[in-house]
Structure formats: structure tokens, C-alpha cells
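Open the structure in your viewer and keep the selection tool at hand. The tour goes from one selection to the next and says what is found at each stop.

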Amino acid sequence: MQLIRGFHNLDKYSALNKGCVLSIGNFDGVHIGHQNILARLCDKALELGLPSVVMIFEPQPREFFAKKSGNLTACSPPARLMRLRDKLKYLEETGVDLILYVRFSEKFAQISADDFISDLLAKRLKVRYLSVGDDFRFGAKRSGDFETLRNAGLKYRFAVEESHTHSLNEERISSSLVREALQNNDLDLAEKLLGKPYSIHGRVAHGNKLGRTIGFPTANIMLNRLVTPVQGVFAVKVNTKQGCYNGIVNVGNRPTINGTKPLLEVHIFDFNLSIYGEVIEVVFLHKIRNEIKFPNFEELKAQIEKDCLQAVEFFKKFAS
């Protein structure tokens, strides 16, 4: 898979000279519905002898407009299931040839629906087959929709197909459904929808090191998201370069120390190596409790001890 950073770099890729098959979307979570859509895209690419391309946006459009409004409470974007680096990793696993990464900006948001089609899709990408959801909207003021694309396809000679809806227990699989499952602490359902347990990847950063003062050193990951899909204390598996370990994680704002930014803090059982700067994966397996503000560190320490015992009991059952 190759990553194309913006439309201005398209000319560097000779594979696109004869056109492409394209799907456009956020693909947040790369769930099994996305996986099936992209499998169909790859099949179509083979049939037509053209490269398969996925167009994604960063930031995601609703994140951009929420941040632009300056009022995240009134215009809250959906919780992001995964960051760009992880999305690219999972998109690569689907077998697509090219990812077109488009920086979503004020300038890009002002492109008209007609110009998006004529200049970017028809002229620059030479699209021959396009797969999008029937609720896809694009162009300035979201003026373009699925019917706009179908009509344009007749003019510019590309086929437009609605991304087939995939269901689980008669419910449409979507990123929103994954978020809902995580919000309801239904990690089993989230795993079925994603085709894998829900996890967060990130680089271990230096923190205030308060955890080690109460006997629970943590590896900290800055979440860097407007909205986090999980919050609270969980039993987790932690994948590091050194191996896979059991642990316990807190995801939240750390109200006991009046924290303001969401942070992931994972205490890895039976582990005393330095992993600062390393990218680790934290796999969420079981919700223990919600995040609580404690009056002092002693009560926080006592609760963490109880949390760890619950996590140990969970892993005993998990292994049996």
C-alpha cells in the first residue's frame, strides 16, 4: 500500500494514469462493514485492471467543524475510535493499493460539489468506479449527495455504487454502533463489530510520575482526541516489544489531581522495564468501574488495590 499526501502529489503516481476505483469515507475503526466494502473495492479493481484507492480526511470533517465553532459541547464530534496511524495500518491489511490522505481545511471545505467531481474525481483521479454510502454528503455546504454523484457518473463515465450495508443481528454495522457498544461497556459486541478487540495504540510519554509514589507506576499515553470513546478503569492486555502482559488502565481526566486533558494510564502487572518512547497497544477486555474523584491519594491507592484484585480475578477466569 502507498500513501498519497494530498491531491497535489497525485502526478507522482503513474499507476493512476489509466484511472482507478475509489471509495471515500472516514473509515473510523475499520470495522467489519468497512472490511467488506473494501474487499468489494479490491475485487472491482482486479476486474477492471485498475488500482484501488481509498480517500480519507484528516481531521475528520465533523471534528473540523466542531473545532471551528469553538463550542465542542454544543457541536460535539463523534468519539474517534482510532487515530490516523492506526487507521492506515488496518486499511493496509484490507489489501487496498493506495490511500489518498486529504487535509480537511477551510479551503477544502469551500470546494463546490461540481468542482469536487469535475476536477478531483474526473480529471485528477480519473475515477472509473466509485463506492460511497447513500448518506454521503460533500462539497461546500454539503450540497452534493449520492444522486449528485450518480448523475455526474453518466456525464463523466464512471459507475457509482452504494456501499453495501452489512448487518449483525439485523442491525446495520457502523462506526456509530461501535461507539455505542463502547459507551455501554459492551466490549464483546464491539469486538464482534470490529472483528478484533477494541484497542488503543500510542507512544509512552513521561507523566507526573505520581503513580509510582503510591506503588502503581504507569505507562502514559496522550490520547490527543476531541472525544474519547472509552472512559474508566479496565482490565487490559498490553502488547509491547518485550511481549504481552496483563494490566489495568484508567482512561480519563484524572479528577483526583484536577486533570483537564484525557490521558490513558496503564499499570502493567509484573513489569519493571523502561518503555518511554515505545509504541504500545492497550487491548480493552473488561470494564471494572467508572472514573471517580477521591478526596486524597490514600483513598485512591486503596481503590487501585481493589481494582487490581478484580483485574487479577478476571484474568484467572479469562485464562480458564
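Begin by selecting E93 and K89, whose side chains form a salt bridge with the closest N and O atoms 3.3 Å apart. This is a predicted model. Both residues belong to helix 3, where they are four residues apart, about one turn of the helix. E93 counts as exposed because its relative accessibility is 55%, over the 50% cut-off. K89 has 37% relative accessibility and counts as partly exposed.

Keep K89 selected and add Y90. The charged end of K89 sits over the ring of Y90, 4.2 Å from the ring centre. Now add K196, which lies over the face of Y90 at 4.5 Å from the ring centre.

Next, go to the sheet. It is open, has six strands in the order 9-14-11-12-13-10, and its pairing is antiparallel. Colour strand 9 (199-203) and strand 10 (219-222) to mark the edges; each of them pairs on one side only. From one strand to the next the twist averages 35°. Helix 3, residues 84-93, packs on this sheet and touches strand 9 and strand 14, with its direction at about 120° to that of strand 9.

Select strand 9 together with strand 14 (residues 279-289). The two run antiparallel and are joined by five bridges. Which residue of strand 14 stands opposite G202? Zoom in on I280 to see the partner of G202.

Now show helix 10, residues 297-319. Helix 10 lies across strand 11 (232-240), strand 12 (243-252), strand 13 (263-268) and strand 14, and runs at about 95° to strand 14. To see a side-chain link between helix 10 and the sheet, select R289 and D307. Their salt bridge has its closest N and O atoms 2.8 Å apart. R289 is in strand 14 and D307 in helix 10, 18 residues apart, so the pair is one that links distant parts of the chain. Are R289 and D307 buried or exposed? Both are buried.

For another salt bridge, move to helix 1 (residues 32-48) and pick E47 and K44, which lie three residues apart, about one turn of the helix. Their side chains meet at 3.4 Å, N to O. E47 is exposed at a relative accessible area of 55%, whereas K44 is buried at 16%. The model has eight salt bridges in total.

Turn to the aromatic rings, which form 13 pairs. Select F104 and F108: this pair is edge-to-face, with 5.5 Å centre to centre and 65° between the planes. F104 is buried, with a relative accessible area of 10%, and F108 is also buried, at 13%. Then select Y198 and F284, a tilted pair with 5.8 Å centre to centre and 40° between the planes. Y198 is in the loop between helix 8 (187-194) and strand 9, while F284 is in strand 14, 86 residues away. Y198 is buried at 4% relative accessible area, and F284 is buried at 2%.

For the last stop, select F57, F64, F65, F104, F108, F116, F136 and F138 together. These residues form one aromatic cluster, which includes the F104 and F108 rings already visited.

Note on methods:
Residues numbered from 1 in each chain as written. Predicted model: local features only at pLDDT ≥ 70, side-chain atom pairs only at ≥ 80, totals over all residues. Heavy atoms only, no water. Pairing = 2+ DSSP bridges. Axes fitted to C-alpha atoms, helices over the stretch in contact; angles between N-to-C directions. Contact = heavy atoms within 4.5 Å. Phe/Tyr/Trp six-rings, centres within 6.5 Å; stacked < 30°, edge-to-face > 60°. Buried < 20%, exposed > 50% of the residue type's maximum accessible area, 1.4 Å probe, protein only. Lys NZ or Arg CZ within 6 Å of the ring centre and 35° of its normal. Salt bridge = Lys/Arg side-chain N within 4 Å of Asp/Glu carboxyl O.
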